[in-house]
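The exercises below are to be worked through with the sequence and the coordinates side by side. Each task is followed by a solution that goes step by step.

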Amino acid sequence: MLEHARTRTERLLEPLSEDQLAAQDSRLQSPLAWDLAHIANFEELWLVRQQGRAAVAADRDGLYDASAHARSERGELPILAPAAARAYAGDVREAVLELLPSLPLDGSDPLFERGFAVGMVVQHELQHVETMTQTLALAGLPGPSPYGPPRVDSGGEAAVPGGTFTLGSTDPWAYDNERPAHEVDLPSFQIDRAPVTNAEYAAFVEAGGYGDRELWSSEGWAWRAVEDAVAPLTWQVDGSSYAHRRFDRIEPLPLDEPVQHVSFHEAEAYARWAGKRLPTEPEWEKAVKTVGGELEHATGAVWQWTSSAFDGYPGFRAFPYAEYSEVFFGDAYRVLRGGSWVTDPLVARPTFRNWDLPQRRQIFSGIRCARDD
Ligand SMILES: [Fe+2]
């Protein structure tokens, strides 16, 4: 699995020049060379030094500590050049492969029980593959193959009966924020079988959705004005003709694909226009766990905004470090569920919780609507 993650990283970055890897195109994203050395540094911290081994490069921790430097300032840091970052990642991986057979997987160290720290390092790299793919999309650089989400075939709604279900995970590789698993009671509700398509979202644009105050929260209305938003981030609207920018290409908008690159505010306004609402986070997970067979692209197409703020489940305990989840708890962030077409299946489990600011739309985010019975 470590090798699988590394192959994805290498394939994604392979078409890029050293200059493209070193540059910071948008202050929303890190230079790709920062991501690469940060992946290596994280792996070194958790798999090499935790085992009491000597550091591969002890002087780099500050530079590649995500909580020490906001993304916006990472372009000004004295980071490793791409070739040196690649070499660092290779050196760390060599040390890890040597150590793997001696990791204490017997339960004597909770960090390594059932391979937890290895799973964390694998998922961390795969999550950065997605972050780096966002960087490529924003900068208009070549993307991966396939380079977009699968199309949508179905419509209509699925009925989710009322009653209890288990929210959260007991998977040994699940993150702290997915635990502890616990019973939650919900009334019945309806959820759309499929994510909202570009065609459906275009109908909202054409109906004047972006200019209708009634559809937006006050925060969303203010965001729309500041951002001058009239359509999703990558769209180019010319009368009734729609194109979009996808990585390094401009192409006609594929009408049967799920809409992508919408903010929480846009998702909320669309749902209101459609006479529906966004699902809460427990509703989303219950739908997948109980009527998942009726849902199309529950995972692996686009992240789906929920109406829930990011918070710890009852009995939450930060593990193995507070900076993964706990420091983000509170009203500022909204939860997204389901994983996108870029998210690796190792990460896109139905209990996985992603979170972001409500104005963000460089992410591969879309919409699945719900409504009360
Ligand atoms: Fe990271």
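**Exercise 1.** Which residue just after helix 7 takes a positive phi?

*Solution.* The model is a predicted one, and in it the residue to find is Asp228, whose phi is about 55°.

**Exercise 2.** Determine which residues of helix 7 are buried, and how they are arranged about its axis.

*Solution.* Start with burial, taken as under 20% relative accessible area: within helix 7, which spans residues 218-227, Gly220, Trp223 and Arg224 meet this condition. Viewed down the axis of helix 7, these buried residues fall within an arc of 100°, so they line one face of the helix. The general background is that an α-helix has 3.6 residues a turn, so residues three or four places apart point the same way. Turning to the other side of helix 7, one finds Ser218 and Val226 exposed, while the cover over the buried residues includes helix 8 (264-273).

**Exercise 3.** Identify the donors of the iron ion and place them along the chain.

*Solution.* The iron ion is coordinated at 2.2 Å by the NE2 atoms of His38, His124 and His128, and along the chain these donors follow the spacing H-x85-H-x3-H. His38 in helix 3 (residues 32-48) and His128 in helix 5 (residues 116-139) are 90 residues apart, and the pair thereby links distant parts of the chain. Both His38 and His128 are buried.

**Exercise 4.** Describe the lining of the largest pocket.

*Solution.* The largest pocket holds about 1,400 Å³ of space and is lined by 44 residues, with His128 among those nearest its centre. Helix 3 contributes the largest share of this lining, seven residues. Sorted by class, the lining comprises 19 nonpolar, 14 polar and eleven charged residues.

Terms used:
Residues numbered from 1 in each chain as written. Predicted model: local features only at pLDDT ≥ 70, side-chain atom pairs only at ≥ 80, totals over all residues. Heavy atoms only, no water. Buried < 20%, exposed > 50% of the residue type's maximum accessible area, 1.4 Å probe, protein only. Helix = DSSP H or I, 4+ residues; strand = E, 2+ residues; numbered from the N terminus. Arc of directions from axis to C-beta. Contact = heavy atoms within 4.5 Å. Donors = N, O, S within 2.8 Å, 3.2 Å for Na, K, Ca; no water. 1 Å grid on protein atoms, 1.4 Å probe; cavity = no way out; pocket = protein on both sides within 12 Å on 5 of 7 lines; lining within 4 Å. Points joined across faces, edges and corners; volume = space filled by probe spheres on them. Nonpolar A, V, L, I, M, F, W, Y, C, P; charged D, E, K, R; others polar.
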